[in-house]
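Please open the model in your viewer and keep a selection tool at hand. The tour below goes from the whole chain to the sheet, then to the ligands and a few single residues.

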Amino acid sequence: MSGLVIAIDGPAASGKGTLARRLAERFGLRHLDTGLLYRATACVLLDEGLPLNDVEAATAAARGLSLVDFDEARLRSREMGEAASVVAAIPPVRAALVDLQRRFAACEKGAVLDGRDIGTVICPNARVKIYVTASPETRAQRRALELTARGEKTDYQSVLADVKKRDERDGSRSVAPLKPAADAIVLDTSDLDIEEAFRVAVEIVERAKR
Ligand SMILES: Nc1ncnc2c1ncn2[C@@H]1O[C@H](COP(=O)(O)OP(=O)(O)OP(=O)(O)O)[C@@H](O)[C@H]1O
Ligand SMILES: Nc1ccn([C@@H]2O[C@H](COP(=O)(O)O)[C@@H](O)[C@H]2O)c(=O)n1
């Protein structure tokens, strides 16, 4: 039997990265936060002073990515999340990143990947698919707290506007739009703290392993 591939998808700040990291630790698997790939692609364009809709430059940046060069703290800024969702809507950029993600998932033991299209496009045969969501207001509150703790100047209303804009852009693009796979289990964390959400996610994985 092939390895245990766990696909975690969901909108911005829903808590999928937190769950993916913890599930990887619990089940002894590698973890890939695929959002970092799009953030890193956008970062190359911003650093070179190029527009985010430059298809050729964005595609070349995606093809040239090296996971080891990531400056995670910088990539996780609010500016980079917004820029990532612009380059992520360019079909050749997405195509350039497919193999890298599938190779990561093909590890013998399996892997945990989180993003927007893991269960629908990257790993349609994943043994476990969880679609993590929460209300926009809850997600904005969590993200605003996180950014403030990291020293980024921010306020709840503008983070909420960002979250809604990103939902709209990610959900309406022509290729690999954000949506739950038909066979995903939807986990709404609006009324769950991190521990509660993790307990439910572990149960989902344990059930799928049986
Ligand atoms: N169930 C929860 N209750 C409260 N806070 C949470 C919960 N899950 C995650 N968080 C917090 O919310 C913030 C966003 O979580 P996380 O980074 O896991 O989301 P994400 O979906 O991976 O975001 P992104 O799409 O931007 O990568 C973090 O500060 C995290 O600690
Ligand atoms: N599989 C994925 C992962 C991410 N994206 C796009 O990148 C943006 C940033 O992602 P985060 O998870 O780090 O917030 C996101 O808004 C998406 O536009 C994607 O398209 N597919």
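A residue is called buried here if 20 or more other C-beta atoms lie within 10 Å of its own, exposed if 12 or fewer do, and partly exposed in between, with C-beta atoms placed from the backbone. By that criterion, buried residues make up 41% of the 210 residues in the protein chain. This is a predicted model, in which local features need pLDDT of at least 70 and side-chain atom pairs count only at pLDDT 80 or more, while totals for chains, interfaces and linings use all residues. Residues are numbered from 1 along each chain as its sequence is written, and chains are lettered from A and ligands numbered from 1 in the order in which they are written.

**The whole chain**

Select the C-alpha atoms of the protein chain, which fill a box of roughly 50 × 35 × 30 Å along the principal axes. The radius of gyration, taken over C-alpha atoms and compared with a globule rule of 2.2 Å times the number of residues to the power 0.38, is 16 Å, which agrees with the value near 17 Å for a compact globule of 210 residues. Two residues are in contact if their C-beta atoms, placed from the backbone, lie within 7 Å; among contacts in the protein chain between residues at least 6 apart in sequence, 75% join residues at least 24 apart.

Colour next by secondary structure, where helices (H or I, at least four residues) and strands (E, at least two) are DSSP runs numbered from the N terminus. The protein chain has 10 helices and five strands.

**The sheet**

Select the five strands, which form an open sheet in the order β2-β3-β1-β4-β5 with parallel pairing; two strands pair if DSSP finds at least two bridges between them. The edge strands, each of which pairs on one side only, are β2 (30–33) and β5 (185–188). From one strand to the next the twist averages 20°, and for angles of this kind axes are lines fitted to C-alpha atoms, for helices over the stretch in contact, with values running from 0 to 180 degrees between N-to-C directions.

Now add helix α6 (residues 91–105), which packs on the sheet and touches β1 (4–9), β2 and β3 (110–115), its direction making about 140° with that of β3.

Which residues of β4 are buried on each side? Val128, Ile130 and Val132 are buried on one side, and Lys129, Tyr131 and Thr133 on the other, so that both faces are covered. Strand β4 (residues 128–133) pairs with β5 in the parallel sense over four bridges, and β1 and β4 likewise pair in the parallel sense over four bridges. To follow these pairings residue by residue, select Ile130, which is the bridge partner of Ile8 and stands opposite Ile185 in β5, and then Tyr131, which stands opposite Val186 in β5.

**The two ligands**

Select ligand 1 with its shell, in which a residue is counted as near if its C-beta atom, placed from the backbone, lies within 6 Å. The ligand is surrounded by 18 residues, the closest being Gly15, Gly17, Thr18, Arg142 and Glu146. Helices α1 (16–27), α8 (136–149) and α10 (194–209) are the elements that give two or more residues to this shell. Residue classes count Ala, Val, Leu, Ile, Met, Phe, Trp, Tyr, Cys and Pro as nonpolar, Asp, Glu, Lys and Arg as charged, and the others, Gly among them, as polar; the shell around ligand 1 then has five nonpolar, eight polar and five charged residues.

Move on to ligand 2, where Gly35, Tyr38, Ser85, Ala88 and Gly115 come nearest of the 14 residues around it. Two or more residues come from each of α2 (35–47), α5 (78–87) and α9 (156–172). By class, the shell around ligand 2 has four nonpolar, five polar and five charged residues.

**Single residues to finish**

Select Tyr156, which is found in helix α9 and counts as partly exposed because it has 14 C-beta neighbours inside 10 Å. Leaving aside neighbours within four places in sequence, Tyr156 is in contact with Ala140, Gln141 and Ala144. Tyr156 and Ala144 are 12 residues apart in sequence, yet 5.8 Å apart in space, C-alpha to C-alpha.

Most residues other than glycine have a negative phi. Ala13, in the loop between β1 and α1, has a positive phi near 60° and is buried, with 24 other C-beta atoms within 10 Å. Ala176, in the loop between α9 and β5, has a positive phi near 50° and is buried, with 20 other C-beta atoms within 10 Å.
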